[in-house]
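Trainee: Please take me through one part of this model closely. Pick a part and show me how it fits with the rest.

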Amino acid sequence: MSSGSTDDTMRVLVYSDDAATRTEVSQAIGRRPAADVPLVEIVECATEPKVHQWLGSGEIDVAILDGETQPAGGMGVARQAKDEVYDCPPICLIIARRDDRWLADWSKADAVVSQPLEPLVLADTVADLMRRRSATRLNAK
């Protein structure tokens, strides 16, 4: 696997209205969250319309959505994407409270991580979703 071509890169969308959260997520994932997955290109979004635009483009491989984002939280955005986006990428939802797990299930998220973020847990979760996307993507690159 050569590390410079776009074929060896997967796009990970990070949605949060909080720039610090987007930075924390990006740093936890790093350039490659596991040795057996491609390099990561981070796409940051702070608004719901931009998230839907990116998810609908077919160019996102994994999405990480902050459940606490205002005014449109990641849970509702995830549910809408899973219902409306053809070949929707796997979604990881960041929740603030353990009690929000049932809402994450309602949102149809593929994975859930809790605040405070543990970088290794997030990186492992994203790597798992990247592997899943590589195996199940309908319009393979």
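Mentor: Two strands pair if DSSP finds at least two bridges between them. Strands (E, at least two residues) and helices (H or I, at least four) are DSSP runs, numbered from the N terminus. This is a predicted model: local features need pLDDT of at least 70, side-chain atom pairs count only at pLDDT 80 or more, and totals for chains, interfaces and linings use all residues. Residues are numbered from 1 along each chain as its sequence is written, and side-chain values use heavy atoms, without hydrogens and water.

Our part is strand β4, residues 91-95. Start with its place in the sheet. The sheet is open and has five strands, in the order β2-β1-β3-β4-β5. The pairing is parallel. The edges are β2 (39-45) and β5 (111-114), and each pairs on one side only. From one strand to the next, the twist averages 20°.

So what does β4 pair with on each side? Take β3 (62-66). Four bridges link β3 and β4, in the parallel sense. There, A63 has I91 of β4 as its bridge partner. Now β5. This strand also runs parallel to β4, again with four bridges. C92 stands opposite A111 in β5.

Next, the side chains. In a regular strand they alternate between the two faces of the sheet. In β4, I91, L93 and I95 point one way. C92 and I94 point the other way. Five of the five residues of β4 are buried (under 20% relative accessible area with a 1.4 Å probe, protein chains only; exposed is over 50%, partly exposed in between).

Now the links. β3, α3 and β4 form a right-handed β-α-β unit (with the strands pointing away from the viewer, the path from the first strand over the helix to the second runs clockwise). β4, α4 (residues 101-106) and β5 form another right-handed unit.

Look at helix α3, residues 74-84. This helix lies across β1, β3 and β4 (contact means heavy atoms within 4.5 Å). Helix α3 runs at about 160° to β4 (axes are lines fitted to C-alpha atoms, for helices over the stretch in contact; angles run from 0 to 180 degrees between N-to-C directions).

Within α3, find V77. V77 counts as buried, at 1% relative accessibility. Leaving out residues up to four places away in sequence, V77 touches several residues, including Y15, V51 and L65. Y15 is 62 residues away from V77 in sequence, yet the C-alpha atoms are 9.7 Å apart.
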